[in-house]
2 protein chains.
Amino acid sequence: MHKIDLFLIMFVHSFIMASNITIVELASALGLSKSTVSRAFRDNQDINPRTKERILEKAKELGFSPNLYASNLRGSKSQTIAIIIPEFGNKFFSQAIKGIEWVARSNGYHVLIYVTDHNAVKEAEIIQTLVNGRVDGVIMSGSGEGNSHEYLKLLEYNKVPIVFFDRYYEDVPTACVTGNDFDSSYEATKHLIENDAKRIAYLAVNKDVSIGRIRMEGYKKALHDAALPIDDRLILDTSNEAVINYEDIRELILNEKPDAIFASVERLAMSTIRVAKALNLTIPNDLKLICFSCLDIADMLQPALSVVKQPAYEMGIQATTQLFDILCGRKQGGVREIVFLDSELIFQASSTKA
Amino acid sequence: MHKIDLFLIMFVHSFIMASNITIVELASALGLSKSTVSRAFRDNQDINPRTKERILEKAKELGFSPNLYASNLRGSKSQTIAIIIPEFGNKFFSQAIKGIEWVARSNGYHVLIYVTDHNAVKEAEIIQTLVNGRVDGVIMSGSGEGNSHEYLKLLEYNKVPIVFFDRYYEDVPTACVTGNDFDSSYEATKHLIENDAKRIAYLAVNKDVSIGRIRMEGYKKALHDAALPIDDRLILDTSNEAVINYEDIRELILNEKPDAIFASVERLAMSTIRVAKALNLTIPNDLKLICFSCLDIADMLQPALSVVKQPAYEMGIQATTQLFDILCGRKQGGVREIVFLDSELIFQASSTKA
DNA sequence: CTGAAAGCGCTAACAG
DNA sequence: CTGTTAGCGCTTTCAG
């Protein structure tokens, strides 16, 4: 028998009973009062260490654990946080969630997950379900829609702190962990220019909101510094829908004949590759390409894809750490404070001249 | 102003108050009793529709929503389910979670997420935190470790139904939604044979547990039917760790000189591609490759990767639908019942002879 | 250090 | 259809 199986069998053995048992039953099984038993499960020093030990042992034996809802009703906390993200589609969010889940569990917290599909109305509805005590805090990457985010005030009124990661709202004063997008966009664009690109297109899913805007600014600055014209026709504001953005990108390439593309999100780069293939354009010869992406197999693509790789996992960790700082009173909530984490620029064949 | 912003502003306007208000206060504000108010928030027909409307309106005005913990304590239901998965690494799980989240939210449920890192001990610990009423049901893809899963009895004792997807435990009697892995493995292997492969290696992360075993059986059957020998040295049981499986695969290729590889999980195929590159082996000429994967850009890899693509999203949807069938009493829990969903076989350059 | 007692906010008989 | 009432299981004063 494997060691691990032995452990698992012992594990379940300690808990073999149903836990429909309540604190009162446990108390009477020990000849104590329920208050004493209760104290054993809190960090209460008004209890004899030996009594506490005895209680915990018996609890394990009988499979007792304090009813979650009774304790929470009595005014303590939910030990739960929520993650709200716009989508599940890419490695960036998977990695970030992994980091968030890890920090949360290390702190004994549970994690609820919500997906907005980039839809601000859904986002607002989700927020609404969180303010009745369900969660102690929220980690969010904004849907990117809408200019007014007053609905986040609901959280504030209910004293539920929120920390943004990646996509934040500029009108909401709170902590935020994001990438050094301006700089990396500048560098990515500069790199394209150094590889002889003259007509560089910028693709975004929403060029007016946080990441879409900032990444565009880095792009524009690089063009400006290289004395290249900024041509609005080369700036495409398209959709998350693969079908739609494929068509938009196709139009852009056919009409504007860019010689390079800087995609602010991974999905748009993937569509670009498909469009290029369909139009018989070779990357990088006919069209250079670089994009924001956390894909770990970018080097296996044909051609190897140049990427701006954000530290997604780290971003999740830091955002959650900050949330716990606020929850534990080590730090004040509701204060605008942005932490920028450096992305890694990986230049490969897709953006490099022959 | 955008239509959506208008909506969002109206939305928050209806909820501008903090919700520290209780059912009693709302009741007295309306000159009603708290039971009547309570009824307005349940699906109770013992209430005048007009009264109900009046209550809901006032509630909205005052920003009242029923305290989660009080209702749950009273009704002992949490409106929450848990997803437990071994990892976040690939598209398969992202897609499945997306499906699960969607069904859950459509039913007004919340979703907790837990990652086991393929570790059965963590899995057991997580289960332990779920049986105090925190969740009404569990959707899980097993860690794949351990042969004894007695700890899942905890759920049974506490009447928390569980539905497996993808990776199930054969010793746990419950509903399960998985792929038709035997058949697709058979077909995938047969396809390699038809493309002149003679020494086909099989890679798994755990060949003794559900998916690892069944996929291997399909592979063996195909070899057998083609009168090819089954050589245990061509069957590799390796780790999830990229560093370790890279080394294992390298050894296998160097020592056994397979002419084709069938990888039962995506990660092992990726390592194979890297090993092949390092050893200067060309895919498919020197080594053919096919694997289980939900990668949506398999066709963009160099060479385009042949895959067995499981219906991950659909799997999430069906597993969750079944869970709700059990929760709503439309179906009995604790009964072994496996639903097999067809995978799609996509043959591309990586597995095809010149 | 331990126990008794008073609710937390809500739901569901039960009685009108 | 509406109100009264008795808890759900736990935490936390307040006395001993």
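1. Let's start at the DNA: a side-chain N or O atom of Arg74(B) sits 2.9 Å from a base nitrogen of DNA strand D. Keep in mind that this is a predicted model. Ser35(B) also goes for a base, with a polar side-chain atom 3.0 Å from a base oxygen of DNA strand D. Ser38(A), on the other hand, has a polar side-chain atom 2.6 Å from a phosphate oxygen of that strand.

2. On the wider surroundings of DNA strand D: 25 residues surround the strand, and Ser38(A) and Ser35(B) are among the closest, along with Ile23(A), Lys34(A) and Arg42(A). The residues of this surface split into 8 nonpolar, 10 polar and 7 charged. The top contributor is α3(B), with 4 residues. Looking from the DNA side, 53% of the strand D atoms within 4 Å of the protein belong to sugar or phosphate, and the rest to bases.

3. Now the two protein copies. Chain A can be laid on chain B with an RMSD of 0.4 Å, using a turn of 180 degrees and a shift of 0.0 Å along the axis. The copies are thus related as by a two-fold rotation axis. They also meet through the same surface, because 96% of chain A's interface residues are interface residues in chain B too.

4. Inside chain A, have a look at helices α2 (residues 23-30) and α4 (residues 49-62), which pack at about 115 degrees with their axes 10 Å apart. Their crossing is right-handed. Leu26(A), Ala29(A) and Leu30(A) of α2(A) make the contact with Arg54(A), Ile55(A), Lys58(A), Ala59(A) and Leu62(A) of α4(A). That gives 6 nonpolar residues, no polar ones and 2 charged.

Note on methods. Residues numbered from 1 in each chain as written. Chains lettered and ligands numbered in written order. Predicted model: local features only at pLDDT ≥ 70, side-chain atom pairs only at ≥ 80, totals over all residues. Heavy atoms only, no water. Least-squares fit on C-alpha atoms with pLDDT ≥ 70 in both. Contact = heavy atoms within 4.5 Å. Axes fitted to C-alpha atoms, helices over the stretch in contact; angles between N-to-C directions. Helix = DSSP H or I, 4+ residues; strand = E, 2+ residues; numbered from the N terminus. Left-handed = near helix turned anticlockwise from the far one by under 90°. Nonpolar A, V, L, I, M, F, W, Y, C, P; charged D, E, K, R; others polar. Near = heavy atom within 4 Å. Polar contact = N/O pair within 3.5 Å; in protein donor to acceptor, adjacent residues only side chain to side chain.
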